[in-house]
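Open the model in your viewer and keep the selection panel at hand. The stops below run from one helix pair to the chain interfaces.

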Protein chains: 4
Amino acid sequence: METLFLTDRLQTLLPAIKAFVEQELYPLETTDNLTHNFSAIEPVLQQKRQRVKHAGLWGLHLPEEDGGLGLTLCEFGQISEILAKSPFGHFVFNTQAPDIGNTELMHKYAPAHLKEAYLHPLMDGQIRSCFSMTEPEFAGSNPTMMGTTAVKDGDAYVINGHKWFTSSADGAAFAIVMAVTNPEAAPHKRASQILVPMDTPGVQFIRNIPVMGHAGDSWASHAELRYENVRVPQANLIGPEGAGFLLAQERLGPGRIHHCMRFIGIAERSFELMCQYAVSRRLSDDKFLGDMQFIQGFIAESRAEIDAARLLVLRTAKHIDEQGAAAVRGEISMIKFFTANMMLRVVDRAIQTHGALGMTSDVLLAFWYSHERAARIYDGADEVHKMALAKTILKQFRASDLKS
Amino acid sequence: METLFLTDRLQTLLPAIKAFVEQELYPLETTDNLTHNFSAIEPVLQQKRQRVKHAGLWGLHLPEEDGGLGLTLCEFGQISEILAKSPFGHFVFNTQAPDIGNTELMHKYAPAHLKEAYLHPLMDGQIRSCFSMTEPEFAGSNPTMMGTTAVKDGDAYVINGHKWFTSSADGAAFAIVMAVTNPEAAPHKRASQILVPMDTPGVQFIRNIPVMGHAGDSWASHAELRYENVRVPQANLIGPEGAGFLLAQERLGPGRIHHCMRFIGIAERSFELMCQYAVSRRLSDDKFLGDMQFIQGFIAESRAEIDAARLLVLRTAKHIDEQGAAAVRGEISMIKFFTANMMLRVVDRAIQTHGALGMTSDVLLAFWYSHERAARIYDGADEVHKMALAKTILKQFRASDLKS
Amino acid sequence: METLFLTDRLQTLLPAIKAFVEQELYPLETTDNLTHNFSAIEPVLQQKRQRVKHAGLWGLHLPEEDGGLGLTLCEFGQISEILAKSPFGHFVFNTQAPDIGNTELMHKYAPAHLKEAYLHPLMDGQIRSCFSMTEPEFAGSNPTMMGTTAVKDGDAYVINGHKWFTSSADGAAFAIVMAVTNPEAAPHKRASQILVPMDTPGVQFIRNIPVMGHAGDSWASHAELRYENVRVPQANLIGPEGAGFLLAQERLGPGRIHHCMRFIGIAERSFELMCQYAVSRRLSDDKFLGDMQFIQGFIAESRAEIDAARLLVLRTAKHIDEQGAAAVRGEISMIKFFTANMMLRVVDRAIQTHGALGMTSDVLLAFWYSHERAARIYDGADEVHKMALAKTILKQFRASDLKS
Amino acid sequence: METLFLTDRLQTLLPAIKAFVEQELYPLETTDNLTHNFSAIEPVLQQKRQRVKHAGLWGLHLPEEDGGLGLTLCEFGQISEILAKSPFGHFVFNTQAPDIGNTELMHKYAPAHLKEAYLHPLMDGQIRSCFSMTEPEFAGSNPTMMGTTAVKDGDAYVINGHKWFTSSADGAAFAIVMAVTNPEAAPHKRASQILVPMDTPGVQFIRNIPVMGHAGDSWASHAELRYENVRVPQANLIGPEGAGFLLAQERLGPGRIHHCMRFIGIAERSFELMCQYAVSRRLSDDKFLGDMQFIQGFIAESRAEIDAARLLVLRTAKHIDEQGAAAVRGEISMIKFFTANMMLRVVDRAIQTHGALGMTSDVLLAFWYSHERAARIYDGADEVHKMALAKTILKQFRASDLKS
């Protein structure tokens, strides 16, 4: 717990959540569970969700009017870190991406009938959802290049397009699809977000994309989809027409805090595994792994880097709470690449410390090593965020040049 | 081709092998083949092995008396690099670990009856083998700590022990097992290498260990085994009793060249994939990925690091050819950690260049990223090799201190 | 300004100090001043000290009873960063090492007559002092190995020993000397701190040690000294006999905050120089240096690393304020190596951005590049701090192992 | 000695030169000599030059017709490494930059009268020279931007311009000046190289630029110069008019081999100092610095990196010998950034190993740490070489794309 950002309610909440995660979820980290598809363990996780509800810990992240606690982003970030220490934490607390992002978005921008039909069961954990934006044909570094279109026809939109990395589409009840509705507008005003039930005719599920050798399934998957003449009512529009990128941007601010705090939880747990192994693995009669300076170096550097990253992310969360995401866009870019790289270094050191065991699915680390490599790519690659941050900074220096 | 180490026969051989690998094996790199278990593609690979034989390229690595070309280690290293550019190359040419190491070992030290029964079919590709040394209870950094024992009883050894990371045990005809035969001897003279047919009673196959989420099967697997009162004739001893570590050391010199050249092949292929993607992925109407300085930095650093590592490894191979492995043990440690780290950096940059696509099994990179992480661990972790090299060097400085 | 740690008085103080530093001290950064010895510019700096007094900014760091503001360590840290943006800042505000450490030490532990005679003129800026601990014959990683002795003779101590890196001894009025007074005691209880006026017979000034080619002089120097039968009254003892290491430890907690905040000031100023150059150096008609992705990478990484380090250091300062230095010794080790390395990376990137100009004394960077390399060595080398931190952490893991 | 590139004559030459450097030059590395200006030690070095002549080791690098051995670039590179192990080596053997480059250039392109008047005394060590190209107003990354002009007037060129980093101008007999003679030509054909005696009216010596705090003098200096209406005969043209950049390029191929081998010599000597200190510095009764894993890590990584870089550079030298510099321009970029960075890392680790002593001018390391930082900047900054190499590579991939 980082006392700098503690609040009264966190002082009660965090220990309760930590106890739940350690007692209910850590025991699920068996070799079998770490190698089987998600659907195999899903029934157990659904039971755990019931226990979360009984423990009064369900829906913490929701606004007060939706039965949540109305936590600040900075408060929820601290919870998020603890949930991320188990690969099942966020799912069991119903705070998993992409549902948490869709929840936030729909809470603000969805019309009442969509809230009724989709947001409420989503918040209750009865259904899942996905967010369908990335396209294989276009580089993610320039999101305004988009091939999917939504054309008005009567009172419907007719959607055509090709998407991939639509995470968790497998088994989702609906997708929020980003599609070009206003091709003649300025680049950033061309697209809209439209809710598409997954059972709408024309929604073609091509495959769960094998990632690091695993196609996965259910929530733990990334789909490739085609939309062929998919008709949905125009009333399924979320937010104003043409506001697709604006809403995506708005989603990204808090979304990056969620990701970064998740990275920190992963790093912290990896750190614990590394230290536990270092004090217990014997090298000879009187020497343990932790007596090696090389390992001490791994531990010291990891501790410093995790603590530094956590402070940086929580500070940014506080700034978003106070000033809104738009005001601190540079900072949000900064935490994204800084934290993702830190996490991957810590996981890597923890594997190296474990030796051959670290390569196996008998411990958690290999899972994170392979699947979290994506952290430096999705939601803006390192390089894109570095450019964005630097340009923000240099603009200020150019401005102060002109003044003086 | 690095002309510094080219020989006449390589000038004919290398292009022929390169053409075979590119035309016969690259097309096998489909998403399906990269995600299925090895046994699914094995029939195709067996056909490819026949084509290797027909092309007169089978058994290149063998001594002349076994029908090979009697290539030097430095020559074979250069072939090995090309084979490694496909994940199927070494298997198709029957030069895959651990069989190639067992072949070398048995050629030198196995009694005639074992050569007849096991080495010849191994060289012919009819059977596979494994090498059973690592134990989960003991740290690999100190190989003299070993729990497996072989006790004489009549004309047999009775073997008891627990091993893991016995690679390719699944489907192997025999294992060469390292076991303590002389517990009272000096630490490095306690163990022996004994050939154990896998169908001997008491050889218990526990599991293929899931590595990075995949248990794999057949040749592409790492087994956990128990030996319970396994009786084999004392005539199955390879080399002298108590010489187990000596023979293991001897195996490691060439073995590390094999590994390092394989790493270089992987790095080179990853580099090619990175560059091909950089010149073909469009960022906007007039910009390609390769126009980004960040990507140019990846490419330039990778080119320098691969070339440097290749020179270092081939030089060491040449030194082993000329002076024997024992004389250049420090150098062998040096290339191991240097090349393994280089390879992982290049693969990582190639993934970053590919973005989301790099995470998928639609390209080769993810496979190498996850499975080759072990390169910094097996056959001596980075840290162990660094210590070994430094101690060798400092010993020389201490000696010259005394002289002056 | 990092708003997380702002206090009411800092909101007034920081802008005032920043304005002073920028308006009065930045103009002193001429090529001449950056290449001449300190004594050449000292008269100007003494005038600036008067202006600090007139501006009511003198002695901010002192306790209230000594006319200071009684700032917390966390508050003073934030001032320290701003002072460090000029190489003359700390001297001009009389908060320079080693005087600030001696001031803190004497305030707590010196007897009244030493305060009268030495501490008061020191606080007033009339005299300077030094701290004489490091010895060339013994490794700094083990401070209990010490050759200097202080033997009682009548009412005097007779001191003999050889010291170096006694910073600012040139021109100092007195040294606080660490010497073994109780050779039979436990290692950490052998030494004492004794005040020695520099004009005492037997204090031999051997040389200002050339560091990075410069011997320097006056405050900006590091002396080698010999103490030959130096007699001082036993009343010159500071703190209890045998408490030398304890007091040194106590000095180090706040001392490392001072250093680390100084590193952050240096990094921040180097960052500003880098950005100013990036927006003003033209590469061609329509391109500036700051348009290069390589430079953008330098800027983005530096911004993230500086901010992260600052948060980490100020958090530690706060912990010291709240719990005392002894309670957070691991954290103090952590910020030392983390911040020193960060600072050197940022200075290095700023030089690379400036090209040939960065090598020259026409800008500040070369001065910091060469002289601040010591940051990773003095007050505990990186390696020593990493070991210390790791051991603290592993002890906790071992303890929790036993409990469970 | 890297046996891969040894030749018969090197087997005799290298040990002789090594002995000379160790016996005659290492003893000059006193604290005084490392902190005084070059002119203070120059008389001693001139005596050493005589000993080089007497030993028959003078002018080794020259073509046979000039009394040299006609060594290949690859052979001379190996000598250059040994000379670089002393900061005085190259000067004493008269193979120092920029004279060696001017010698090579004039040998090929200077008219007979200039050879007579300038080249011969230069080869004999009677005079020194400089090369005046870089201008403070223009970024080095684009050499075609140049402000200095040479306008024909009668049979003279009249030169006007502002140059800096004209190394060794202080005391030089002549400069080879790069100036625009054909402003209307294509960018790479605008400039020419013209020999200007330093005593020509209008050659204004502004200053030796302080670099890392030291202005230096004589050969060890970098001047800022102005050329104001400097008249020299048109017969002082070297090579054809407009060929300035072409000749500069030609100079750079071998020039970078010289630099890189010098870097390797520096790294090798730093490595030796690090190891010698590691085996002699005692940490406690039974532990030496070299027993620390952190130090072992420094040593192992340095050994690998130096060896790798040497192989890379000598291979490139061989390629230049065989194919000319133009054919391997990418490779030349590659060795420049790879070797410069390697050298700086090794020097840095050696300093860290030495602790406080490493900061002082009592050992060589601080000299190299500060002055050789420029290695990543001059003759093409890292970033420029990375871009150049990447573009060369990507061009080939683009070409092979088109073919297939």
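Select residues 293–323 in chain A and in chain C. In this predicted model, each selection is helix α9 of its chain, and the two helices pack at an angle of about 100°. Their axes lie 8 Å apart. That angle makes α9(A) roughly perpendicular to α9(C), since 65 to 115 degrees counts as such.

Now show side chains at the crossing. From α9(A), pick D307(A), A308(A), A309(A), L311(A), L312(A) and R315(A). They meet D307(C), A308(C), A309(C), L311(C), L312(C) and R315(C) of α9(C). How do the residues of this contact divide by class? Eight are nonpolar, four are charged, and none is polar.

Stay with chain A and widen the selection to residues 242–393. UniProt lists this range, in an unreviewed entry, as "domain: Acyl-CoA dehydrogenase/oxidase C-terminal". Colour it by secondary structure: the chain here is 77% helix and 3% strand. Put a distance marker between the end C-alpha atoms of the range; it should read 29 Å.

Next, bring up chain B beside chain A. Here 38 residues of chain A are in contact with 37 residues of chain B. Which elements of chain A give two or more residues to this side? Select α2 (31–35), β10 (282–284), α10 (329–354), α11 (356–359) and α12 (365–371) of chain A. Helix α12(A) gives the largest share, four residues. Colour this side of chain A by class and you get 20 nonpolar, 14 polar and four charged residues.

Move on to chains C and D. In this pair, 37 residues of chain D are in contact with 38 residues of chain C. On chain D, the elements giving two or more residues to the side that touches chain C are α2 (31–35), β10 (282–284), α10 (329–354), α11 (356–359) and α12 (365–371). Pick α12(D) for the largest share of that side: four residues. By class, the side holds 19 nonpolar, 14 polar and four charged residues.

Keep both chains on screen and superpose them. A turn of 180° with a shift of 0.0 Å along the axis lays chain D on chain C, with an RMSD of 0.0 Å. Why call the axis two-fold? Because that turn and shift are the relation of a two-fold axis. To find the axis from chain D, centre on S370(D): its C-alpha is the nearest of that chain, 2.9 Å from the axis.

One last selection: the interface residues of chain D. Of these, 100% are also interface residues in chain C, so the copies meet through the same surface.

Definitions and conventions. Residues are numbered from 1 along each chain as its sequence is written. Chains are lettered from A and ligands numbered from 1 in the order in which they are written. This is a predicted model: local features need pLDDT of at least 70, side-chain atom pairs count only at pLDDT 80 or more; totals for chains, interfaces and linings use all residues. Copies are superposed by least squares on the C-alpha atoms of residues with pLDDT of at least 70 in both. Two residues are in contact if their C-beta atoms, placed from the backbone, lie within 7 Å. Ala, Val, Leu, Ile, Met, Phe, Trp, Tyr, Cys and Pro count as nonpolar, Asp, Glu, Lys and Arg as charged, and the others, Gly among them, as polar. Axes are lines fitted to C-alpha atoms, for helices over the stretch in contact, and angles run from 0 to 180 degrees between N-to-C directions. Angles under 35 degrees count as roughly parallel, over 145 as roughly antiparallel, 65 to 115 as roughly perpendicular and the rest as oblique. UniProt positions are given in the numbering used here, feature names are shortened, and annotations may be inferred rather than shown by experiment.
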